[in-house]
Amino acid sequence: MNPLFVANWKMHKTIGEATAYAHRFGALAADLPGADLVLAPPFTALEAVARALRGTGVEVAGQDLYFEPQGAYTGEVSAAMLLDAGCRLVIIGHSERRRLFGETDQDSARKVRSALAAGLTPILCVGETLEEREGGRTRAVVERQLAAVLSGLRLGASDRMVVAYEPVWAIGTGRHATPEQAVEVHRTVRRALSRELGAAEQSIRILYGGSVSPENIGDLTAAPEIQGALVGGASLEAEKFAELVRRGLAARPRKGR
Ligand code: PGA
């Protein structure tokens with residue numbers, strides 16, 4: 001499977017800025033064979049970005065959704081609406097949603113089910129806070145977050161899912177996890193996926209996120225356990241994000257090694 005690189009723009013870019021980026025990045029993507037590429041703009045720019053990327057192979061993701069199909073939920077957007085705007089994927093359970101907007105493991109579980117039911121690929125984010133890491137609870141926290149979503153989940157043959165390990169202390173701080181720290185948690189995630197989903201686990205890529213940059217991506221993607229990256233700050237300029245992907249691809253272990 002190709003490594004996957006997702007640009008999470010968070011609350012950045014007007015429609016005009018997003019469209020200009022998408023045209024530029026769509027052209028750069030032609031020189032990045034072997035990578036699966038996704039842009040996650042804010043809701044307002046989804047449709048324009050999806051249109052600008054048509055024919056480039058670069059896909060579009062929402063940054064969140066609400067699990068109900070429709071109704072009186074002011075401010076919310078459903079899975080079907082994301083699909084309608086041109087999305088194929090959606091980020092779920094980002095730590096900023098959990099920390100700033102009070103989202104729970106159960107919310108993530110319902111959102112993942114709603115995404116899958118609509119045919120969207122959920123990118124489920126998990127990760128520990130600094131306090132949890134220092135208290136030796138990283139593994140327990142990540143296992144709890146995964147179990148809440150995975151228990152009872154059945155992936156059909158056409159269902160796709162991605163997991164992103166994003167230590168909260170590494171997001172936007174300039175302090176990324178070392179490859180050793182990331183690999184250890186990626187193995188925990190892989191075991192949990194295998195336990196809960198059986199063979200369907202093999203179709204799931206596990207990304208690392210948290211202060212990923214062109215400077216450190218190579219050390220991360222050199223590990224076979226790390227199958228791509230979810231990138232915030234370093235994805236806001238098209239050239240920089242393309243350079244990050246280029247370096248991430250170049251460091252991938254060769255098949256059979
Ligand atoms: P960052 O954000 O790359 O700016 O640390 C990553 C994320 O929140 O997905």
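This report walks through the fold of one protein, from its overall build to its parallel strands and a few individual residues.

## Overall build

First things first: this is a predicted model. The protein has 10 helices and eight strands. With a radius of gyration of 17 Å, close to the 18 Å that the globule rule gives for 257 residues, the chain is as compact as a globular protein of that length. Along the principal axes, the C-alpha atoms take up a box of roughly 45 × 45 × 35 Å.

How much of the protein is buried? Of the 257 residues, 54% count as buried. The protein exposes about 11700 Å², and 50% of that comes from carbon and sulfur atoms. As for contacts, take those between residues at least 6 apart in sequence: 71% of them join residues at least 24 apart. On the charge side, there are 31 positive and 30 negative side chains, and the centres of these two sets lie 4 Å apart.

## The parallel strands

Now for the strands, starting with β1, which covers residues 4-8. This strand pairs with β2 (residues 36-40) through five bridges, and the two run parallel. On another pairing, β1 is joined to β8 by four bridges, again in the parallel sense. V6 takes part in both pairings: its bridge partner in β2 is V38, while in β8 it stands opposite L230.

L230 also faces G209, which brings in β7 (residues 205-209), joined to β8 by two bridges and running parallel to it. From β7 the pairing carries on to β6 (residues 162-165), with four bridges in the parallel sense. There, V163 stands opposite I206.

Put in strand-pair order, the pairings run from β2 to β1, from β1 to β8, from β8 to β7 and from β7 to β6. Here are the residue pairs that go with them:

| Strand pair | Residues opposite each other |
|---|---|
| β1 and β2 | V6 and V38 |
| β1 and β8 | V6 and L230 |
| β7 and β8 | G209 and L230 |
| β6 and β7 | V163 and I206 |

## What covers the strands

In a regular strand the side chains alternate between the two faces of the sheet. So which residues of β1 point which way? L4, V6 and N8 point one way and F5 and A7 the other, and all are buried. That fits the count for β1, where five of its five residues are buried.

β7 tells a similar story, with five of its five residues buried. R205, L207 and G209 sit on one side of β7, I206 and Y208 on the other, and both faces are covered. In β8 (residues 228-231), G228 and L230 lie on one side and A229 and V231 on the other; all are buried, which leaves both faces covered.

## Two lysines after β1

Just past β1, the loop leading to α1 (15-29) holds K10. Phi of K10 is near 55°, a positive value in a residue other than glycine. K13 lies in the loop between β1 and α1 as well, and its phi is near 90°, another positive value in a residue other than glycine.

Are these lysines buried or partly exposed? K10 has 21% relative accessibility, so it counts as partly exposed. K13, at 22% relative accessibility, also counts as partly exposed. For reference, buried means under 20%.

## Y66 and E196

Y66 sits in the loop between β3 (59-62) and α3 (79-84). Its relative accessible area is 19%, so Y66 is buried. Which residues does Y66 touch, not counting those up to four places away in sequence? They are Y73, E76, V77, S78, A79 and S114. There's also K111: it is 45 residues from Y66 in sequence, yet their C-alpha atoms are 6.4 Å apart in space.

E196 belongs to helix α8 (residues 179-197). At 26% relative accessibility, E196 counts as partly exposed. Setting aside neighbours within four places in sequence, E196 is in contact with A147, L150, S151, L153 and R154. Of these, A147 is 49 residues away from E196 in sequence and 7.8 Å away in space, C-alpha to C-alpha.

Terms used
Residues numbered from 1 in each chain as written. Predicted model: local features only at pLDDT ≥ 70, side-chain atom pairs only at ≥ 80, totals over all residues. Heavy atoms only, no water. Rg over C-alpha atoms; globule rule 2.2 N^0.38 Å. Buried < 20%, exposed > 50% of the residue type's maximum accessible area, 1.4 Å probe, protein only. Contact = heavy atoms within 4.5 Å. Areas by Shrake-Rupley, 256 points an atom, 1.4 Å probe, with all protein chains shown as cover. Lys, Arg positive; Asp, Glu negative; His and termini not counted. Charge placed at Lys NZ, Arg CZ, Asp CG, Glu CD. Pairing = 2+ DSSP bridges.
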